[in-house]
Amino acid sequence: MPSSHELLPGADDSPVILHVPHSAREIPADVRAGILLDDTALERELDHITDAHTAELAEAAAERAGVTPWRFVNRLSRLVVDPERFPDEREEMLTVGMGAVYTRTTHRTELRAADTDPAPLVERYFLPYAEAMARAVAGRLAATGRAVIVDVHSYPTARLPYELHGDGPRPPVCLGTDAFHTPPGLLAAAEKAFAECGGTGVDSPFGGTYVPLEFHGSEPRVSALMVEIRRDTYMTEPGGPAGPGLTRLASALARLLDALPG
C-alpha cells in the first residue's frame, strides 16, 4: 500500500520542516465506504474541510527560499484521519465529533456512525504518520542540532459551525503558537514576513501548533509555528481555484524561512 504521507528532502543543513497536513482530498475506497455522505455531499464537505492549495504554497515557498526546507506532506484527506488531533480523550474537538477520526462534518451533520470505532483507522494511518513525522524531526535534530516546524494551513473567511473558538478576529494570516515551542523571535519573524499580506493575528481563530508527542513540552530544541491563511486571500471559496495571492503568500513564507533566527 502506498504511503499516506511523504517526506520531501531539503538541504542537509536546513532545520526546517514545512508540515502540510490538510491539503489533500484523497480517500481510499475502503475508508470511503464508512462515510455516510453521498458523493455530492462528500465533495462539498471536502471543499470546506480541505486546506486547498497549501501543498502548492509550501512547494513554491521552498523553491524561493535561500536554503531549501524539508517538507512533510499528508497525501490523504483529513477525513481519513486528522494527524494533528490527539488520538484520545485529550482532544477537545471530540465534543463536536472531530477527534482523530471524524464522525461529524464541518456543519455538524453525520459523517460516520456515532459508534464508529476509530482504532482501526488510528492504527492504519494515524500512528504511522506520527511516527514518520517524529523521525523527520529527529533527523533535523541530528543533522543541525535543532528543528523548526512550520505548520501550513488555511481557514475559511466565514466561521463554520464546527469551530469551537471562531468568534474572535479572523486576520488574513493567523499565527498559532505554543508557550513552550514558539520562541518570541520565531513569532516576530513571521509577523514581519507576512506584514505585506494584509496583516497578522495570533491564536485566533485557531491557536497552537503541531509538535510530535515525543518532543512536545520536553525538547526545547524543537520550535514550531502554525501559519493559518485566510482563504479569500488566495483562492475562491469553498474549494475553488487559487489566485494571484498564492504567489504573494509563497514569497512571504519564503521570507520567513530566510529570516528564521539561528
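Biologist: What volume of space lies in the second largest pocket?

Modeller: About 190 Å³ lies there. The model is a predicted one. Thirteen residues line this second largest pocket, and Leu94, Gly99, Ala100, Val101 and Pro118 are the closest to its centre.

Biologist: What makes a residue count as part of that lining?

Modeller: A lining residue has an atom within 4 Å of a point of the pocket. The 13 residues that line the second largest pocket are therefore those that meet this cut-off. By class, eight of them are nonpolar, four polar and one charged.

Biologist: Why is Gly99 placed among the polar residues?

Modeller: Gly is not in the list of nonpolar residues or in the list of charged ones, and the others count as polar, so Gly99 is polar by this rule.

Biologist: What is known of the largest pocket?

Modeller: The largest pocket has a volume of about 970 Å³. Its lining is made of 43 residues, with Glu84, Arg85, Glu91, Gly207 and Thr209 lying nearest the centre. Helix H4 (119-144), strand E4 (147-155) and strand E7 (222-230) are the elements that give two or more residues to this lining. H4 gives the most, with five residues. The lining has 20 nonpolar, nine polar and 14 charged residues.

Biologist: Why is the space lined by Ser4 and Asn74 called a cavity and not a pocket?

Modeller: A pocket is open, whereas in a cavity a 1.4 Å probe fits but cannot get out, so this space is classed as a cavity. The other residues that line this largest cavity are Leu76, Val81, Pro83, Tyr125 and Tyr129. Five of the lining residues are nonpolar, two are polar and none is charged.

Biologist: How many cavities of 30 Å³ or more are found in the whole structure?

Modeller: The search finds one. The largest cavity has a volume of about 40 Å³.

Biologist: Which residues of helix H5 are buried?

Modeller: In H5 (residues 184-193), Leu186, Leu187, Ala189, Ala190 and Ala193 are buried. Each is therefore under 20% relative accessible area.

Biologist: How do you know whether they line one face of the helix or are spread around it?

Modeller: Seen down the axis of H5, the buried residues fall within an arc of 160°, so they line one face. An α-helix has 3.6 residues a turn, so residues three or four places apart point the same way. The face of H5 turned away from the buried side carries Pro184 and Lys192, which are exposed.

Biologist: What do the buried residues of H5 pack against?

Modeller: They pack against E4, strand E5 (173-176), strand E6 (200-202), E7 and helix H6 (245-259).

Notes
Residues are numbered from 1 along each chain as its sequence is written. This is a predicted model: local features need pLDDT of at least 70, side-chain atom pairs count only at pLDDT 80 or more; totals for chains, interfaces and linings use all residues. Side-chain values use heavy atoms; hydrogens and water are left out. On a 1 Å grid over the protein atoms alone, a cavity is a set of points where a 1.4 Å probe fits but cannot get out, and a pocket is an open set with protein on both sides within 12 Å along at least five of seven lines; lining residues have an atom within 4 Å of a point. Grid points are joined across faces, edges and corners, and a volume is the space filled by probe spheres set on the points. Helices (H or I, at least four residues) and strands (E, at least two) are DSSP runs, numbered from the N terminus. Buried means under 20% relative accessible area, exposed over 50%, partly exposed in between (1.4 Å probe, protein chains only). The arc is that of the directions from the helix axis to the C-beta atoms. Contact means heavy atoms within 4.5 Å.
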